[in-house]
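Biologist: Got a minute to walk me through this model? I'd like to ask about a few spots.

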Amino acid sequence: MAEKRRHNKKHVDSASVKSTLALIMVAALLISVAYSTCAKSDSEDYPLPYDEELTELTHVISPNIEDGEMLHYPGFDVYFSNIHRQPYYVSWVLTPEHASSKEFKRSNNFRPDPDVVNSPLLSDYRNSGFDRGHMAPSADFHYSEEAQEATFFLTNMSPQRNALNSGAWANLEEQCRNWAIRDSTLVIITGPILSDYLTQSIGESHITVPDRYFKVVYAPYANPPRAIAFIMPNYSVPGGVQQSVVTVDDVESITGFDFFSSLPDELENSIESESRYSRWQFSKKQK
């Protein structure tokens with residue numbers, strides 16, 4: 001009997017060792033995952049936002065605007081001007097999966113939004129000499145038929161000269177998709193600069209013709225997190241996309257908008273004051 005008890009003791013010791021080793025391995029795996037996640041951030045002071053917090057980054061503080069109407073479409077939001085008949089800005093989150101998707105083809109189904117009283121009309125753009133320039137580009141939404149169709153509402157359009165719409169503006173949209181794939185998600189906010197003194201309009205709806213456009217881009221999962229901004233004239237852009245780089249602070253100063261206010265102040269101030277496009281690896285292709 002004594003020999004059997006010793007045998008049982010050895011068996012228990014072996015099981016205990018195996019159990020301990022298993023716990024150590026699990027703990028090591030959890031530590032590894034946690035380290036890997038934290039390593040994406042430049043500092044523990046700047047934790048990565050949770051997915052639900054990305055939506056907060058698309059919100060823009062827009063004081064002194066009394067005619068704005070927020071329109072929620074599948075995948076993007078439009079802050080629509082009932083006076084200028086176009087967006088003040090459009091915002092969305094672009095993931096790598098969305099940026100690379102080709103599931104649904106471009107529909108070209110341009111149309112008014114029947115739920116918006118002051119929606120522009122197709123006739124407003126006809127023979128105007130201006131393109132119906134997407135603010136949220138359809139190519140960012142080919143992952144969803146509903147979202148892709150929504151980008152063709154005229155409430156998502158602004159009168160752009162073809163030299164811009166098919167040139168540097170289109171190139172910048174393509175760059176953003178490449179960056180989203182590389183940097184694991186972007187927050188994008190873009191629109192016409194309607195704070196300028198503007199006198200030209202088109203159509204019976206009197207859609208204001210902007211002189212300039214802005215785009216603000218934030219990469220929350222880059223290491224370190226970074227932002228970049230652009231201001232482009234409403235015509236051919238000399239020097240292409242890179243010559244249009246400005247700081248987010250510059251865009252805020254011109255438009256009166258406040259971007260990324262949900263970020264910690266230190267991080268917000270840091271990313272909005274920089275304009276180092278060398279960190280973004282621009283494509284050599286320029287239009």
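Biologist: What is the sign of phi at the residue that follows H7?

Modeller: Positive: H7 is followed by Gly 256, with phi near 85°. Helices here are DSSP runs of H or I with at least four residues, strands are E runs of at least two, and both are numbered from the N terminus. Keep in mind that this is a predicted model, where local features need pLDDT of at least 70 and side-chain atom pairs count only at pLDDT 80 or more, while totals for chains, interfaces and linings use all residues. Residues are numbered from 1 along each chain as its sequence is written, and side-chain values use heavy atoms, with hydrogens and water left out.

Biologist: Which residues of H7 are buried?

Modeller: In H7, residues 248-255, they are Val 248, Val 251, Glu 252 and Thr 255. Buried means under 20% relative accessible area, with a 1.4 Å probe and protein chains only. Down the axis of H7 these buried residues fall within an arc of 100°, so they line one face of the helix. That arc is taken from the directions from the helix axis to the C-beta atoms.

Biologist: And what do they pack against?

Modeller: Strands S9 (212-219), S10 (226-233) and S11 (245-246), plus helix H8 (265-272). Contact means heavy atoms within 4.5 Å.

Biologist: Switching topic, how many residues are in the largest nonpolar core?

Modeller: It has 37, and Phe 76 and Leu 186 have the most contacts inside it. H6 (162-183) gives the largest share, seven residues. A nonpolar core is a set of buried Ala, Val, Leu, Ile, Met, Phe, Trp, Tyr and Cys residues joined through side-chain atoms within 4.5 Å.

Biologist: What does Phe 76 touch?

Modeller: Leaving out residues up to four places away in sequence, its partners include Leu 71, Val 90, Trp 92, Phe 141 and Asn 156. Apart from that core lies another, of 28 residues, among them Tyr 79, Val 187, Ile 193 and Leu 267.

Biologist: Okay, pockets. Which residues are closest to the centre of the largest one?

Modeller: Arg 106, His 134, Pro 137, Ser 138 and Glu 173, out of 21 lining residues. The space in that pocket is about 380 Å³. H6 gives the most to its lining, with five residues.

Biologist: How is a pocket defined?

Modeller: On a 1 Å grid over the protein atoms alone, using a 1.4 Å probe, a pocket is an open set of points with protein on both sides within 12 Å along at least five of seven lines, and lining residues have an atom within 4 Å of a point. Points are joined across faces, edges and corners, and the volume is the space filled by probe spheres set on them.

Conventions: Buried < 20%, exposed > 50% of the residue type's maximum accessible area, 1.4 Å probe, protein only.
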